[in-house]
Structures are given as C-alpha cells and as structure tokens.
Amino acid sequence: MGTALIYDEEMTRYKLLWVDPSCKIEVPERLIVSYEALVKSGLADRCVSVPVREATDADILLVHSEEYLQAVKTTPFMTLEEMQDFCAQYGDVYFHPNIYHCATLAAGAALQLVDSVMTGKVRNGMALVRPPGHHSMHNAASGFCIFNNVAIAAQYAKQKYGVKRVLIVDWDIHHGQGVQYCFEDDPSVLYFSWHRYEHQKFWPKLRESDFDSVGKEKGAGFNINLPWNKVDMQNSDYLSIFHHLLLPIAYEFCPDLVLVCAGFDSAIGDPEGEMCATPDIFAHLTHLLMNLAGGKLCAVLEGGYNLTSLAQSVCQTVQTLLGDPPPRPANLDGPCQSTVESLHCVRSTHRQYWSCLKHAADLPTFDVSTKDLSLDESLNSEESKEEHVWPEPPKRLTPAIRAALLLPDGITCPDGCYRQSVSECLDPLIVTKLKENILTDSEDDSNALSTLSSLIDLVEKMEKDEVCSGLALVHDVSKAMKCVVPHAASALKNRYNNVDLNYTYL
Ligand SMILES: [Zn+2]
C-alpha cells in the first residue's frame, strides 16, 4: 500500500536572525540534509510523494487558543526588535517573518499524512517538517515549536475519522510537555515519552516530566513518562524500554492509529541528547510500532541537531516504513542500572492502570526523582562532552520477494505472496545427501525428494537476500527440519539464526 513522504522546500525558508546560543542549532539544513539523504539513497523515489497544505485556523484551534493564533499571525509584520520582544515571553524559541507560514505548513503536512493513511492511500508515512511541534502549548510557543503538529494531527484524526484510540510515541530526547498538557485528561490518547531528565536538571526541567505524572482524572494511566537520568544511553536501553514498557501497554491499549513524534536528537552525536544509540536503532523502533493499528503509522519530524546522525536516522526510519527488514542489531549488552531504575519506577506507578503490568514490583522506597540533586554540575559542562564517532549504517538490502510460499499442488497462493516452484531438476548432490541422511528406503519417493529440495532452494534464495521470509507446507516437519537446518547452518555459517522460516505440518 506504500509509504507517504511529505516534504516542501518552503519549510527551509526561515532561520534565526539574531544571536541566541540556545536557538542556533535549529537550522534549515536539518531538513535539507534529511531530504537529500532520502533522495540519494533512492528511498524518496520508492515513497508516494504527498504535497503539503497549510493548516487552517480551525485545524490550529483544535489545540491552540484563538489569542495565541492571532498573536503568531502578527509576527510576519513585526520589526526585528518587536519580534525579539515577542520571543522573550516564551522559552527557547525564535520567530522569523516566514515562520508563521512554515508552521501552518508543518501542521498541514501532519494532517495530509493522517489523511493519506486514514483513507488507505498509503499504509504509513513520514512528514519532514520545520518548525517542530511537541513543545508548543495551548497558549505558548516553546523549544523551537510554534504549533503542536502531532497534537493537532491526533485531534484531527479523532474528529474527522472518528478514531477512538491514538497512540503517540515521542522518541525525541526532550519531553513533549505540549503533547502531555493537551491530552493529560483524555483516555483516548495514550502519550508515551522518553526524555533526558537527569533528575529535573535537563530542559524543560519540569516536575511533571517525571515518571509519576500519569495523566489526570479520566486520563490517569494514559500518560507515560520515562525519564533518562543519565546520558550515554545505548541501543539496549532503548530496546528494553520498548519491550518491557511501551509495547505491552500499547498492545493492551490497542490503538487505531500510531503517531510518532520522530525526533532524532536521541541518536548518537547529538549535542542536545548526548546519547549513544546508533541510527539503526530507529529501524527497530519503527518496525516494532508497525505491528500496531494495522500498520497505520505517521511519523512527524521533531528534533535532531547532528546533521549526520539526523539524516542517517531519517533514512533508517523511512526504509523500515517501506517494509525492508531492519538490520541486525549489534552490541546489545542489556540496559544500564539507571535505565532499570527508571523502568522499575514507571512499571510500578502504572501497574494500577494496565493489567500487563499487574505483577510489577513495588516502587523503590527512596525518592528517585530527587535523590540525585547533588549531581555534579560539571558533568554537564562543555569541556566534558566527548565527540562521538560511529560507522555509517551498513547498506540495507531490499529482497525482491517479501514472502515466498512452498505449497503442495491444489493449494492457492494468497495475493501478494510469491509461489516457490517445486524443483523439477534435482541437484544430484542434494539428492544423494537426502537419501543418505533423511529419507529411509521406504520413503524414497520423488514427491518428498522434490519438496525437500525446493525447501533448500528457498533457503538459498534467502541466503542471497532474494527472498525475505518463507513458509513451507510439508508432509513431515521433522524431516524438513533435519534437511534444512544443517543446510542453512553450513551455508549461512553464523547467520543461520537470521533465517526466518516457518514450518507447518500438513
Ligand atoms: Zn528534542
């Protein structure tokens, strides 16, 4: 059904016009390098290109106040000094004469993506947008964000398509407090955010970003905050949070639509995040979310300030949305102690709301959120930051055949699958081996020989990345295993555990 890609060069046409160290990292090149990487890798060509549109006033008012919208609308007509004064009332955000226009396009792009996915034009997609959205609030800009693109998209999906349950996964390294405030009393929107927190020392330094902010009233249990209380988190830390926290809850919630606040400042090399997860981890995070909501997933760009890791991470995400298998994860050493502590706190706090967590252990007796207030401030100083170097993610192959089926005569191959033909010319070497090791004399019939030989063919195609995965219907599963497993083990050497074959006894 395809993957939508939404991008418009217009959103590169605003930038910081004065000196502000806290805003200098939010540059137009973020969008340019991301899009160029998608074009250069051939991924953009494989996507369905969907045009942006301007969000209407009514769209923006789904989340923001009339007063705030009218104020933002006046910014294109302000002098530089007036604009600086206007910015001063908010935190870490800048305005530009063209930013109102770009902000309506960014929100409109998220809505176009929701429309494309909800009408079935595509299965999933990504919107590359600036300005980002997840910090902006009902009545205020914040953290480079003007309008809350993803929050508007969630409200829009509920209103226009009657979507009952929306899951918002915010893997940006900052807490999307704007999204939390918007939905904290709304049980139809489950908001999950992990964020650098360091016991409330990291921006936006809010008490309500901690694990015990679970939502309010009817929305209690539908706001999940996972604080990272130290930097340098690795792929193992990210995966463990998905597997032990987000995914069990997400399955229980059973969303109709998944929206991702896709910020890549959580990737290695980012000056804001200072984490060590490599760009290929986003292939896995995306892949794990694609199993929810019938695959209806809309990723909307948020942060990401290291241009190299940003572009690589965007490519990993889009390639996975397109259906290519994720690369094999490397160096998974298990979560660190700080991650286990955060995980423990969130699971304990949420066990009263989610049956999948009902066996979670009690909260630790110490006060986790404040216990590290004596943290050495010098740890965060400029001098202590080390430059990270990481290899470019290896090129991911795209098998021409997604699913191959080896079926006996008379069974129809389902649409979208490839029928693996039954071997007619048998390789004499394989026949000898099969006769020697697998088939007894009494079973030496040509049917069994050709089926097992075809199975070996299928495994060889997988070895050459011509086929992604396969299903075989065989008469004797134990013989099929005896035949294929040693072959795969010797042919693929240490890759045999990568073979994804299902055997079904017929
Ligand atoms: Zn961020």
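# Exercises on a predicted model with a zinc site

The end C-alpha atoms of residues 26–320 lie 26 Å apart, and this span is 40% helix and 13% strand; helices (H or I, at least four residues) and strands (E, at least two) are DSSP runs, numbered from the N terminus. UniProt, in an unreviewed entry, places the feature "domain: Histone deacetylase" at residues 26–320; UniProt positions follow the numbering used here, feature names are shortened, and annotations may be inferred rather than shown by experiment.

The model is predicted: local features need pLDDT of at least 70, side-chain atom pairs count only at pLDDT 80 or more, and totals for chains, interfaces and linings use all residues. Residues are numbered from 1 along each chain as its sequence is written, and side-chain values use heavy atoms, with hydrogens and water left out.

## Exercise 1: the zinc site

Task: list the donors of the zinc ion and classify the site.

Solution.
1. Donors are N, O and S atoms within 2.8 Å of the metal (3.2 Å for Na, K and Ca); water is not among the atoms, so sites may look incomplete.
2. Asp-172 appears twice through OD, beside His-174 (ND1) and Asp-265 (OD), at 1.9 to 2.7 Å.
3. Along the chain, the spacing of the donors is D-x1-H-x90-D.
4. Four donors count as tetrahedral if all angles lie between 85 and 135 degrees; four count as square planar and six as octahedral if opposite donors are over 155 degrees apart and all others between 65 and 115; anything else is irregular.
5. The angles among the four donor atoms run from 53 to 155°, and the site is irregular.
6. Both Asp-172 and His-174 are buried, where buried means under 20% relative accessible area, exposed over 50%, and partly exposed in between (1.4 Å probe, protein chains only).

## Exercise 2: aromatic pairs

Task: classify the ring pairs Tyr-68 with Tyr-90 and Trp-194 with Phe-242, and place them in the chain.

Solution.
1. Rings of Phe, Tyr and Trp (its six-membered ring) pair if their centres lie within 6.5 Å; planes under 30 degrees apart count as stacked, over 60 as edge-to-face and the rest as tilted.
2. A search of the whole structure gives 20 aromatic pairs.
3. In one of them, Tyr-68 and Tyr-90 are 6.1 Å apart centre to centre with 90° between the planes, an edge-to-face pair.
4. This pair links distant parts of the chain, 22 residues apart: Tyr-68 is in helix 4 (residues 66–73) and Tyr-90 in the loop between helix 5 (80–88) and helix 6 (99–118).
5. Tyr-68 and Tyr-90 are buried.
6. The ring centres of Trp-194 and Phe-242 are 5.6 Å apart and the planes meet at 50°, so this pair is tilted.
7. Trp-194 belongs to strand 5 (residues 189–196) and Phe-242 to helix 9 (residues 235–253), so the pair ties together parts 48 residues apart in sequence.
8. Trp-194 is buried at a relative accessible area of 0%, and Phe-242 counts as buried at 0% relative accessibility.
9. One aromatic cluster is formed by Tyr-68, Phe-86, Tyr-90, Phe-95, Tyr-100 and Phe-147.

## Exercise 3: the two faces of helix 13

Task: sort residues of helix 13 (residues 428–437) into buried and exposed.

Solution.
1. The buried residues are Ile-430, Val-431 and Leu-434.
2. They cover an arc of only 100° around the axis, so they lie on the same side of helix 13; the arc is that of the directions from the helix axis to the C-beta atoms.
3. The face turned away from the buried side carries the exposed residues Pro-428, Leu-429, Lys-433, Glu-436 and Asn-437.

## Exercise 4: backbone checks

Task: describe the peptide bonds before Pro-131 and Pro-204, and the phi values of Glu-198 and Glu-274.

Solution.
1. The bond from Arg-130 to Pro-131 is cis, with omega near -10°; Pro-131 is in the loop between strand 3 (124–127) and helix 7 (149–161).
2. The bond from Trp-203 to Pro-204 is cis, with omega near 5°; Pro-204 is in the loop between strand 5 and strand 6 (223–228).
3. Glu-198, a residue other than glycine, has a positive phi near 45°; Glu-198 lies in the loop between strand 5 and strand 6 and is buried, with a relative accessible area of 5%.
4. Glu-274 is not a glycine, yet its phi is positive at about 55°; Glu-274 is in the loop between strand 7 (257–262) and helix 10 (281–289) and counts as buried at 17% relative accessibility.
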